[in-house]
Amino acid sequence: MNILPTYKGYTVDYRLKQFRKVPLDRLPEFVEFDSEKGDKLLAQMIRKNLVPKEVLVNLF
């Protein structure tokens, strides 16, 4: 079983192209990669070399 990576409290799902946060006391938050917030988070991950190269070539 594969474990999805996390970044700044979000679970990163490259297949669905979204960040997800599911706090126990609030509703789940889903941030699409192509949203303003998602683009910012993804850019930070890319600058820090946290996105595997095989995933990076398939994101765009």
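Leaving aside neighbours within four places in sequence, K37 is in contact with Y10, E29 and V31, contact meaning heavy atoms within 4.5 Å. K37 lies in helix α1, helices being DSSP runs of H or I of at least four residues and strands runs of E of at least two, both numbered from the N terminus. The relative accessible area of K37 is 43%, and the residue is therefore classed as partly exposed; buried means under 20%, exposed over 50%, and partly exposed in between, with a 1.4 Å probe and protein chains only. Between the C-alpha atoms of K37 and Q18 the separation is 11 Å, with the two positions 19 residues apart along the chain counted as their distance apart.

The model is predicted: local features need pLDDT of at least 70 and side-chain atom pairs count only at pLDDT 80 or more, whereas totals for chains, interfaces and linings use all residues. Residues are numbered from 1 along each chain as its sequence is written, and side-chain values use heavy atoms, with hydrogens and water left out.

The protein contains 2 helices and 4 strands. Read from the N terminus, the order of these elements is β-β-β-β-α-α. The 4 strands form an open sheet in the order β1-β2-β3-β4, with antiparallel pairing; two strands pair if DSSP finds at least two bridges between them. β1 and β4 (29-32) stand at the edges with a single partner strand each, so one side of each has no neighbour in the sheet. Within the sheet, β2 and β3 are joined by 3 bridges in the antiparallel sense. D13 has Q18, in β3, as its bridge partner.

Two lysines in loops have positive phi values. K8 is placed in the loop between β1 (6-7) and β2 (10-13), and its phi is near 50°, a positive value in a residue other than glycine. K17 is found in the loop between β2 and β3 (18-21). The phi of K17 is about 55°, again positive although the residue is not a glycine. With a relative accessible area of 34%, K17 is partly exposed.

Helix α1 spans residues 36-47 and includes Q44. Q44 is buried, its relative accessible area being 17%. When residues up to four places away in sequence are not counted, Q44 touches Y7 and K8.

For the protein as a whole, the radius of gyration is 12 Å, which agrees with the value near 10 Å for a compact globule of 60 residues; the radius is taken over C-alpha atoms, and the globule rule is 2.2 Å times the number of residues to the power 0.38. The C-alpha trace spans about 35 × 30 × 20 Å along its principal axes. Of the 60 residues, 30% are buried. Among contacts with a separation of 6 or more, 26% are between residues 24 or more positions apart.

The exposed surface of the protein is about 4,800 Å², of which carbon and sulfur atoms supply 56%; accessible areas come from the Shrake-Rupley method with a 1.4 Å probe, and for residues only the protein chains shown count as cover. There are 11 positive and 8 negative side chains, and the centres of the two sets lie 5 Å apart. Lys and Arg count as positive and Asp and Glu as negative, while His and the chain ends are not counted. The place of a charge is taken as NZ of Lys, CZ of Arg, CG of Asp or CD of Glu.
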